[in-house]
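Student: I've got this protein open on my screen and I'd like to zoom in on one part of it. Could you walk me through a single turn and what lies around it?

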Amino acid sequence: MRIQFSRHAKRRARLYKLPESLIEQALLGAKLIEGENTILTNMPGIIYPVKIVIVLENQTATIITNYPMKKAHHNESSL
């Protein structure tokens with residue numbers, strides 16, 4: 001699978017100091033389907049969970065955006 005970053009995703013990674021290598025590792029461990037996918041993952045050195053939005057087409061994963069979630073993410077079933 002080929003991974004490419006959109007210009008927006010590269011800027012967000014630089015703004016929030018998210019290494020592209022960690023984002024790529026999160027993708028390799030995820031099960032992606034054709035179309036739009038969203039990954040919410042914890043990364044070492046980042047306080048908040050990181051949200052990554054990807055579009056998968058023809059074995060090419062394009063990262064649309066990535067950013068740390070500034071609000072707490074709660075599981076609704078535990079409330």
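**A close look at one turn**

Tutor: Let's start right in the turn, with Gln59: its relative accessible area is 52%, and since anything over 50% counts as exposed, Gln59 is exposed. You'll find Gln59 in the loop between strand 3 and strand 4. Keep in mind that this is a predicted model, and that the values here are computed from it.

Now look at the backbone. The phi angle of Gln59 is near 60 degrees, which is a positive value in a residue other than glycine. Asn58 sits in that loop between strand 3 and strand 4 as well, and its phi is positive too, near 50 degrees, again in a residue that isn't glycine. So is Asn58 buried or exposed? With a relative accessible area of 70%, Asn58 counts as exposed.

What do the strands on either side of this turn do? Strand 3 and strand 4 form a hairpin, with two residues between them. The two strands pair in the antiparallel sense, over eight bridges. One pair you can pick out yourself is Val50 and its bridge partner in strand 4, Pro68.

Follow the chain out of the turn and you're in strand 4, which covers residues 60–68. Here the picture changes: seven of the nine residues of strand 4 are buried, so the strand is largely enclosed by the rest of the structure. Besides strand 3, strand 4 has another neighbour to look for. Strand 1, made of residues 2–5, pairs with strand 4 in the parallel sense over four bridges. To spot that pairing, find Phe5, which stands opposite Ile63 in strand 4.

Now follow the chain the other way, back through strand 3 (50–57), and you get to the loop that links it to strand 2 (35–41). Pro44 is found in that loop, and Pro44 is exposed, at 63% relative accessible area. Pro44 and Leu22 are 22 residues apart along the chain, and their C-alpha atoms are separated by 8.7 Å.

Finally, zoom out to see where our turn fits. The protein has two helices and four strands, and from the N terminus on the elements run β-α-α-β-β-β. Across the protein's 79 residues, buried ones make up 34%. While you're zoomed out, have a look at helix 1 (residues 7–15), where Arg7 lies. Arg7 counts as exposed, at 63% relative accessibility, and together with Lys10, Arg11 and Arg14 it forms a positive surface patch.

Notes: Residues are numbered from 1 along each chain as its sequence is written. This is a predicted model: local features need pLDDT of at least 70, side-chain atom pairs count only at pLDDT 80 or more; totals for chains, interfaces and linings use all residues. Side-chain values use heavy atoms; hydrogens and water are left out. Patches are made of residues with over 30% relative accessible area and no salt bridge: like charges are joined within 9 Å, nonpolar side chains (Val, Leu, Ile, Met, Phe, Trp, Tyr) within 5 Å. Accessible areas come from the Shrake-Rupley method with a 1.4 Å probe; for residues, only the protein chains shown count as cover. A salt bridge is a side-chain nitrogen of Lys or Arg within 4 Å of a carboxyl oxygen of Asp or Glu. Lys and Arg count as positive and Asp and Glu as negative; His and the chain ends are not counted. The place of a charge is taken as NZ of Lys, CZ of Arg, CG of Asp or CD of Glu. Buried means under 20% relative accessible area, exposed over 50%, partly exposed in between (1.4 Å probe, protein chains only). Two strands pair if DSSP finds at least two bridges between them.
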